[in-house]
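The exercises below are to be worked with the sequence and the model side by side. Each task is followed by a solution that proceeds in steps.

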2 protein chains.
Amino acid sequence: MTSTPRRRGADRTEAIMRTTVELGQEIGYPKLSIEAIAARAGVGKHTIYRRWSSKGALLLDSLLSLDEPELDFSYTDDVLADLREQAHAAVELLARPPVGPLVQALIAEAQHDPQVAAELKERFINPMAGKLVKRLRTAQEQGHLSPDFDLDLAMSICSGPLYFQFLIIQEPITREYVNDFFGALFTGMSPRPAARGKAVRQDR
Amino acid sequence: MTSTPRRRGADRTEAIMRTTVELGQEIGYPKLSIEAIAARAGVGKHTIYRRWSSKGALLLDSLLSLDEPELDFSYTDDVLADLREQAHAAVELLARPPVGPLVQALIAEAQHDPQVAAELKERFINPMAGKLVKRLRTAQEQGHLSPDFDLDLAMSICSGPLYFQFLIIQEPITREYVNDFFGALFTGMSPRPAARGKAVRQDR
DNA sequence: ATGTCAACGGCACGTGCCGTACCGATAGGG
DNA sequence: CCCTATCGGTACGGCACGTGCCGTTGACAT
């Protein structure tokens, strides 16, 4: 009889997360208020507070509910190309709404909410980092990567500059940047004995 | 006659920034309210709003007013050692209050306040990055760095992973990490023709 | 010494959102 | 077909925001 017929719990959970993403795109995720989400979703505030302990927790679930295309590495015998390909895909995903702004807001939240920080790491950062480490391990086993390399260190070297550009510089990350970046990583910063090719600008 | 005799404008500016740092250390910079700062500093809210357009602007000025030791690069003929030394100093500075939490809070603010982001870059990030680029340029001129290397790219490669550890991983950055990190950067991730030494773990 | 004026501390206001509590309605499981 | 957990809605006290006003104060020029 009511215009919005009562739905089961799972339906509401989904509706709230969908509304969170929508409303966040309209007014910006940092400005989102629980009140506004509840009003827009046609839901009592209690129904939100019962499910999520903080705005950050809601944002994280909303992000993960987006089921964007899984980013998985290729496993060709060209690690460098595989890393570049993956990075291009990740950059593209982060470049536009809703994923980019959501991740940005979540990382900001994580700076002052340890619980959000822990969950973000566990459910978003670590899975991506894990895939990267796995890819690097394979490369190492196949002799395509320096053998005495701590893989976690390698992971943060591969990831760090991209996060730096995303969070600090906050300017669009070009394909050229990604290409040059990985080229430089593999070649190293030391000058080579002159025989070798250019250190960067070696697009594939 | 009043217990707090009137002071000149500059005095108040300084008092407010000092109170900001103090109170922030006690209750955390994200929880800081203008009201609380004004009350603690014995100052009207207007006096704060007249000087700073946002909490982020106040935090940034407060940070820069700390006149911590200037971090300047050494210019020996060992770039790698100079970079490590500088990184160690920076990590140490960021590891403990008030600088670390302040920078963290500012970067969080910068994620949803473009004005803070711009000022933070201009007055904090860029100066440090500039020194790094300058040091790298010298190294390049002296042949200690691969000659065809975009210096801005090199800068973000050197900085990124440290910010990544600081903001995302949020675990203390050890001296060993910094040492391994720069060792890896200069050696490159490609396997070497077996002749060369280990890629990492080469403490000086 | 006196006058001027901008800046000041203090206070109050309206607004927005927080997180909680209570209500009557309702739907699903026993 | 009833029972009970969950629901939407509403109201609440509390806090901080940013602004406006008021009477005071102190630096500076006269």
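**Exercise 1.** Which helices each supply at least two residues of the lining of the second largest cavity?

*Solution.* The model is a predicted one, and the cavity in question has a volume of about 40 Å³. Begin with the lining, which consists of A:L167, A:I168, B:A110, B:A117, B:L120, B:K121 and B:I125. Assigning these residues to elements, one finds that helix 8 (151-169) of chain A and helix 7 (114-141) of chain B each supply at least two of them. Helix 7 of chain B gives the most, with four residues. By residue class, the lining contains six nonpolar residues, no polar ones and one charged residue.

**Exercise 2.** Describe the largest cavity by its volume, its lining and the helices that contribute to it.

*Solution.* The volume comes first: the largest cavity holds about 50 Å³ of space, and the count of cavities of 30 Å³ or more comes to two. Next, list the lining, in which chain A is represented by A:I107, A:A110, A:Q111, A:A117, A:L120, A:K121 and A:I125, while chain B is represented by B:L167, B:I168 and B:Q170. At least two lining residues each come from helix 6 (99-110) and helix 7 (114-141) of chain A and from helix 8 (151-169) of chain B, with helix 7 of chain A giving the most, namely four residues. Finally, the lining divides into seven nonpolar residues, two polar and one charged.

**Exercise 3.** Which residues are closest to DNA strand C, and how do the residues of the surface near this strand divide by class?

*Solution.* Of the 16 residues that surround DNA strand C, the closest are A:K45, B:R12, B:T47, B:R50 and B:R51. The surface near the strand divides into three nonpolar, five polar and eight charged residues. Turning to the strand itself, 70% of its atoms within 4 Å of the protein belong to sugar or phosphate, and the rest to bases. Individual contacts illustrate these parts of the strand: an N or O atom in the side chain of A:K45 is 2.7 Å from a base oxygen, a polar side-chain atom of B:R12 lies 2.3 Å from a sugar or linking oxygen, and a polar backbone atom of B:G42 is 3.4 Å from a phosphate oxygen. Two or more residues of this surface are given by helix 2 (34-41) and helix 3 (45-51) of chain A, together with helix 3 (45-49) of chain B.

**Exercise 4.** Where in chain A does the UniProt annotation "DNA-binding region" lie, and what percentage of the span is helix?

*Solution.* According to the unreviewed UniProt entry, the annotation covers residues 33-52 of chain A. In the model this span is 75% helix and 0% strand, and its end C-alpha atoms lie 13 Å apart.

Definitions and conventions:
Residues are numbered from 1 along each chain as its sequence is written. Chains are lettered from A and ligands numbered from 1 in the order in which they are written. This is a predicted model: local features need pLDDT of at least 70, side-chain atom pairs count only at pLDDT 80 or more; totals for chains, interfaces and linings use all residues. Side-chain values use heavy atoms; hydrogens and water are left out. UniProt positions are given in the numbering used here, feature names are shortened, and annotations may be inferred rather than shown by experiment. On a 1 Å grid over the protein atoms alone, a cavity is a set of points where a 1.4 Å probe fits but cannot get out, and a pocket is an open set with protein on both sides within 12 Å along at least five of seven lines; lining residues have an atom within 4 Å of a point. Grid points are joined across faces, edges and corners, and a volume is the space filled by probe spheres set on the points. Ala, Val, Leu, Ile, Met, Phe, Trp, Tyr, Cys and Pro count as nonpolar, Asp, Glu, Lys and Arg as charged, and the others, Gly among them, as polar. A residue is near a molecule or strand if one of its heavy atoms lies within 4 Å of it. A polar contact is a pair of N or O atoms within 3.5 Å; within protein, one must be able to donate a hydrogen and the other to accept it, and residues adjacent in sequence count only if both atoms are side-chain atoms.
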